[in-house]
Amino acid sequence: MTEAIASRLPPLPRAFFARPTTTVARELLGKLLVRRPAGRPALVARVVEVEAYLGVRDAASHARRGPTPRAAIMFGPPGFLYVYLIYGMHHCMNFVTETDGVAGAVLIRAAAPLVGFGGDGGDRRARHPLTGPGKLCAALAITRANNGHDLTAGRDFFVADDGSPAPRRARSARIGVEYAGEWAARKLRFFDARSPYVCGA
DNA sequence: CAGCGGATGTGCT
DNA sequence: GCACATCCGCTGG
């Protein structure tokens with residue numbers, strides 16, 4: 001995989017995101033994140049860990065309180081980026097799912113470095129680790145300035161399928177949602193069972 | 001390796 | 001006004 005090849009792959013279309021959130025979450029495993037920050041080298045990483053947030057009925061989702069100013073984007077059309085600030089200092093990125101009017105999003109928690117992170121191909125202790133939602137956003141230069149970005153437009157940031165076989169999938173409860181009552185136990189975290197880049201937590 | 005504190009937006013009271 | 005958050009790096013034992 002090279003930057004030139006990854007950049008030429010077509011972005012996943014809106015129809016990919018316009019499906020049930022758990023389906024989108026599972027199928028995102030193994031897809032490529034292609035990031036081209038302005039004036040800086042391109043970055044490519046493979047998704048290895050995600051979580052599904054199922055909208056208004058999901059006590060762990062930011063959408064649980066309805067379309068508040070922060071969460072409104074999750075109620076809109078699919079294929080857009082929802083970025084929020086957590087604990088006052090870390091960013092987390094989500095891809096909006098479901099049809100327009102129905103809230104849903106997939107949190108991207110970890111990815112395997114492919115291009116542009118130093119020691120291409122995969123030094124686990126790379127300078128910019130992608131293991132964890134906050135570190136992933138930092139490494140890909142994603143901040144709240146990117147909130148609302150159209151992932152299907154395929155410019156600065158998009159998702160692509162390079163044709164690699166789907167990874168062996170595993171699932172578990174989501175991280176950091178203990179407050180969510182019965183929803184805390186739901187196995188809505190999906191990860192590549194064989195990847196060393198899955199977040200330990 | 002458990003514990004803790006950082007720094008701020010968000011949503012409820 | 002205020003408690004708390006889809007986290008992470010540092011500290012001390």
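**Tyr84, DNA strand C and the largest pocket**

Modeller: In this predicted model, an N or O atom in the side chain of Tyr84 is 2.9 Å from a base oxygen of DNA strand C. Local features need pLDDT of at least 70 and side-chain atom pairs pLDDT 80 or more, while totals for linings use all residues; side-chain values rest on heavy atoms, without hydrogens and water.

Colleague: Why is the pair between Tyr84 and the base oxygen called a polar contact?

Modeller: A polar contact is a pair of N or O atoms within 3.5 Å, and the Tyr84 pair stands at 2.9 Å, so the name applies. Tyr179 also qualifies, because one of its polar side-chain atoms lies 2.8 Å from a phosphate oxygen of DNA strand C.

Colleague: What makes a residue count as being near DNA strand C?

Modeller: One of its heavy atoms must lie within 4 Å of the strand. There are 17 residues around DNA strand C, and among those that come nearest are Ala60, His62 and Leu107.

Colleague: What makes eight of the residues near DNA strand C nonpolar?

Modeller: Ala, Val, Leu, Ile, Met, Phe, Trp, Tyr, Cys and Pro count as nonpolar, Asp, Glu, Lys and Arg as charged, and the others, Gly among them, as polar; by that rule the surface near the strand has eight nonpolar, seven polar and two charged residues.

Colleague: How do you know which residues line the largest pocket?

Modeller: Lining residues have an atom within 4 Å of a point of the pocket, which is an open set on a 1 Å grid over the protein atoms alone, where a 1.4 Å probe fits, with protein on both sides within 12 Å along at least five of seven lines. The largest pocket holds about 510 Å³ of space, and of its 26 lining residues, Tyr84 and Leu107 are among the closest to the centre.

Conventions. Residues numbered from 1 in each chain as written. Chains lettered and ligands numbered in written order. Points joined across faces, edges and corners; volume = space filled by probe spheres on them. Polar contact = N/O pair within 3.5 Å; in protein donor to acceptor, adjacent residues only side chain to side chain.
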